[in-house]
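Subject: Structure handover

Hello,

Here is the structure for you to look through. My notes on it follow below.

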Amino acid sequence: MTVSRRNFIAAGALIGAAAVSGRARAAGIPEAPTTESPATQPPLVPTSGPDYQPVVTLNGWTLPWRQNGEWKEFHLVAEPVVRQVSPGMKAHLWGYNGQSPGPTIECVEGDKVRIFVTNKLPEHTTVHWHGILLPNGMDGVGGLTQPQIKPGKTFVYEFQMRKSGTFMYHPHADEMVQMAMGMMGFLVVHPRDPKLHRVDRDFVFLMSSYDIDPGSYVPKVNTMTDFNLWTWNTRVFPGIDHFVAATGDRVRVRIGNLTMTNHPIHMHGYDFAVTCTDGGWVPEAARWPEVTIDIPVGAMRAFEFKADEPGDWAIHCHKSHHTMNAMGHAVKNFIGVQKRDLAKRIGRLVPDYMPMGSQGMAEMGEMEMAMPDNTLPMMTGFGQFGPIEMGGMFSVVKVREGLAAGDYKDPGWFKHPPGTVAYEVKGPDAEPKRKAETTKPKGRETEVKVVKPGAKGNHKNHH
Ligand SMILES: [Cu+2]
């Protein structure tokens, strides 16, 4: 067959187009895996391409991909989802591939990725790749860098991962509504050299907040700051899985904040080093020690530690209202009020009335009371010593000796070595001996003169 000049140019143009844009139409659009389970899925170990240590998405999963030539292809579907926030409560949200947050996308520095996004929402959307260095037209800002993806349409994003690190994705279209409805996901780019920044356990989660009235299912999207569900991967304690590590493991925790306020995340039992932000890896010499890392709005932080101290170590937001579930806001303070009968009497008029404790709120941790449907207790969860009295952004880092390699299922509560648990003092010494302070101050007592503001002759006193 002779190749005419015209045929030659056409073939060349096709090859050229494929090489530039990478569009390989023959294989079609990859399938979009979906899951509705809120259980933490095992890390997705790569079976092709460069090696890396996959991450563990807390109460979530990693999106499988398809290798198509030199492109890694993913398929996100933006759609309404039902997320169990914790056993006893489901939220009707928007998310990706059956979940809020969406599945974690993992790839490797240098990878060419092609991400298909199908919109099954009732309104248009886009996806912005937070922290990724990419061509401007792939940045996902509706109206600015691309037309919005209309309902029923599929768009493609194509770019090369220029650096490794800790990133996320979320819409840049009707953002206030779409993020308040739960649209977000984690994005991890692993270093090309698998030995670089290597850890044994690599946990990821996004913080999001919702305002869902007790007894209802859909977040109020106009809420600006007064949220009542503070979540990690759209889960609240005790629905948040534990972070299990074996002694000797090097552990990384990567966190992104898509709420409307900062969260000082505090971990007990260890000091840790801040090693990565959404801007990149922190150089070794610049890493600083912390026990609490404040994560600003729209930012990501990763910290690392060596798991050398066995135990059940609390990890939580240090804003105490963020370790509470719904109803935390409108409850009045009744400390000191004797109201046993009062509650009964009010209860006759208002069936869902729930008093706050009169000796603090601790009694609510073990109370069982009538609540509206689809509502969580404010604080809940039991440990081996009793109620933990937490909700919201709280979990437990479980470090154990002698775990079998790769066995990170829940090891149960920590078995404390004898003599290492705080204990009660009994007998006559238990009552503090208190004596009044009788020492008289030496020298002249200080006399405080109160001058009423605005009184006549006020200024004279100062001269
Ligand atoms: Cu917080």
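Is E389 buried, partly exposed or exposed, and at what relative accessibility? E389 has a relative accessibility of 28%, and since partly exposed covers the range between under 20% and over 50%, E389 counts as partly exposed. Please bear in mind that this is a predicted model, so the values here are computed from it.

Backbone

E389 came up because of its backbone: phi is near 60 degrees, a positive value in a residue other than glycine. E389 belongs to strand β23, which covers residues 386–390.

T234 also has a positive phi without being a glycine, in this case about 55 degrees. T234 is in the loop between β12 and β13. With a relative accessibility of 1%, T234 falls under the 20% limit and therefore counts as buried.

That loop also holds P238, with β12 spanning 229–232 and β13 spanning 243–246. The peptide bond between F237 and P238 is cis, with omega about 10 degrees. Another cis peptide bond joins S100 and P101, where omega is about 0 degrees. P101 sits in the loop that runs between β4 (89–96) and β5 (105–108).

Aromatic rings

The count of aromatic pairs comes to 15. One of them is W129 with F159: the ring centres are 5.8 Å apart and the planes meet at 55 degrees, so the pair is tilted. The two residues are 30 apart in sequence and the pair links distant parts of the chain, with W129 in strand β7 (residues 128–130) and F159 in strand β8 (residues 154–160). W129 is buried, at a relative accessible area of 0%, and F159 is buried too, at 3% relative accessibility.

A further pair is F205 with F243, which is edge-to-face, at 6.1 Å centre to centre and 70 degrees between the planes. This pair also links distant parts of the chain: F205 is in strand β11 (residues 201–210), F243 is in strand β13, and 38 residues separate them. Both F205 and F243 are buried.

W129 and F159 also belong to one aromatic cluster, together with Y96, Y157 and Y169. Y96 falls within β4, the strand at 89–96 that comes before the loop with P101.

Charges over rings

Which lysine has its charged end over the ring of W65? That is K72, whose charged end is 4.7 Å from the ring centre. K398 lies over the face of W413, at 4.4 Å from the centre of that ring.

Confidence

The pLDDT averages 85 over the chain, and 79% of the residues score at least 70. Residues 1–26 have pLDDT under 50 throughout, and the model gives this stretch 14 contacts beyond four places in sequence. Residues 455–463 are also below 50, with four contacts in the model beyond near neighbours in sequence.

If you want a place to begin in the viewer, the cluster of Y96, W129, Y157, F159 and Y169 is one option, and the loop between β12 and β13, with T234 in it, is another.

Regards

Terms used:
Residues are numbered from 1 along each chain as its sequence is written. This is a predicted model: local features need pLDDT of at least 70, side-chain atom pairs count only at pLDDT 80 or more; totals for chains, interfaces and linings use all residues. Side-chain values use heavy atoms; hydrogens and water are left out. Helices (H or I, at least four residues) and strands (E, at least two) are DSSP runs, numbered from the N terminus. Buried means under 20% relative accessible area, exposed over 50%, partly exposed in between (1.4 Å probe, protein chains only). pLDDT is the predictor's confidence in each residue, from 0 to 100. Contact means heavy atoms within 4.5 Å. Rings of Phe, Tyr and Trp (its six-membered ring) pair if their centres lie within 6.5 Å; planes under 30 degrees apart count as stacked, over 60 as edge-to-face and the rest as tilted. A charge sits over a ring if NZ of Lys or CZ of Arg is within 6 Å of the ring centre and within 35 degrees of the ring normal.
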